[in-house]
Amino acid sequence: MKFSVAIKGADVSKDIECCDTFLIFEEKRGRIIMRQIIENPGHKPDLLPEFLEKFKIEVLLCGERNGQTRQAFAEKGIRIVGDLSGNADKIAEEFARGAKQQANMKSSLQPTPKVLVSCRGLNGEENVLAVAYCGNCSYAPPMVMVGIVPTRYSYPLIKESGCFVVNLVDKKYQETFDYLGSHSKRDEDKLAAMNVRLQDGQKVNAPILPDCPVNIECTVVDSIVTGSHEMFIGKVEYVHADTDLLDSEGNIDYAKIDFI
Ligand SMILES: Cc1cc2nc3c(=O)[nH]c(=O)nc-3n(C[C@H](O)[C@H](O)[C@H](O)COP(=O)(O)O)c2cc1C
């Protein structure tokens, strides 16, 4: 964002019209990344809004309170922050720092990997749902966590079996991912509707999705109800990966996966 301070000497000018110069600043993420000085072009109040508009100024900091002046600048898309006094650079720095605003706090950690979690209940019923609340939570021993809302049909299946599989998803599987994330097994056999292929896991009693490039088999070792979600902490028991993703030491080249 670009903003300006009308100055006289080194201080904020009491009125815009009589200022000597304008300091022009560009702010990014609360820090000033550009500072420029321009002369007041002739003390003609009517021309100033248009003059500053050319520099793409969005906010003008100054000492005055004049309502009429504000209107003329507002017409050019420039907001006046008035009634300021003191050292212009200091005021500009404070303004830049406060330029960030309170944002929505929900799901603020972004981007997150979007995965498909597959599971199997004790009666053998299998299901898959889309999950964005997930992450690594230990590397020794290797552990991952997934957050499941208790109303999901998959929830009791994971709760009773104590295991799940995290399947990393490539964009090629986007249509299936969207379907599994927007339809519940409670209402229909969504796995049959999308011809979802399943294979038994090697270590846990839950299926893997062979059409996903990486499948992480997990045993639930703990869970925490954080609020909307119950976070299931899964000890990683086995990781399947497509061979073309692996180097000679079994490391996965995640850059080769075109994540959703
Ligand atoms: C992008 C995306 C992310 C999602 N993330 C989660 C999540 O982290 N946890 C969750 O419980 N549901 C999540 N969902 C919603 C479930 O996948 C969805 O409600 C699904 O239909 C549940 O299926 P089920 O009732 O058959 O278990 C997400 C859906 C989408 C599309």
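Select residues 142-148 and 230-241 to begin: these are strands S10 and S15, which pair in the antiparallel sense over 6 bridges, where strands are DSSP runs of E of at least two residues, helices are runs of H or I of at least four, both numbered from the N terminus, and two strands pair if DSSP finds at least two bridges between them. Within this pair, methionine 143 stands opposite lysine 235 in S15. The model is a predicted one, in which local features need pLDDT of at least 70 and side-chain atom pairs count only at pLDDT 80 or more, while totals for chains, interfaces and linings use all residues. Residues are numbered from 1 along each chain as its sequence is written.

Next, extend the selection to the whole sheet, an open one of 7 strands in the order S8-S7-S11-S14-S15-S10-S9, with antiparallel pairing. At its edges stand S8 (126-131) and S9 (134-139), each with a single partner strand, so one side of each is left without a neighbour in the sheet.

Now add helix H4, residues 154-161, which lies across S7 (115-120), S8, S10, S11 (163-168), S14 (214-225) and S15, running at about 60 degrees to S7; axes are lines fitted to C-alpha atoms, for helices over the stretch in contact (C-beta atoms, placed from the backbone, within 7 Å), and angles run from 0 to 180 degrees between N-to-C directions.

Finally, zoom out to the protein, which has 6 helices and 15 strands. Its radius of gyration, taken over C-alpha atoms, is 29 Å, well over the 18 Å that the globule rule (2.2 Å times the number of residues to the power 0.38) gives for 260 residues, so the protein is more spread out than a compact globule.

Terms used. Two residues are in contact if their C-beta atoms, placed from the backbone, lie within 7 Å.
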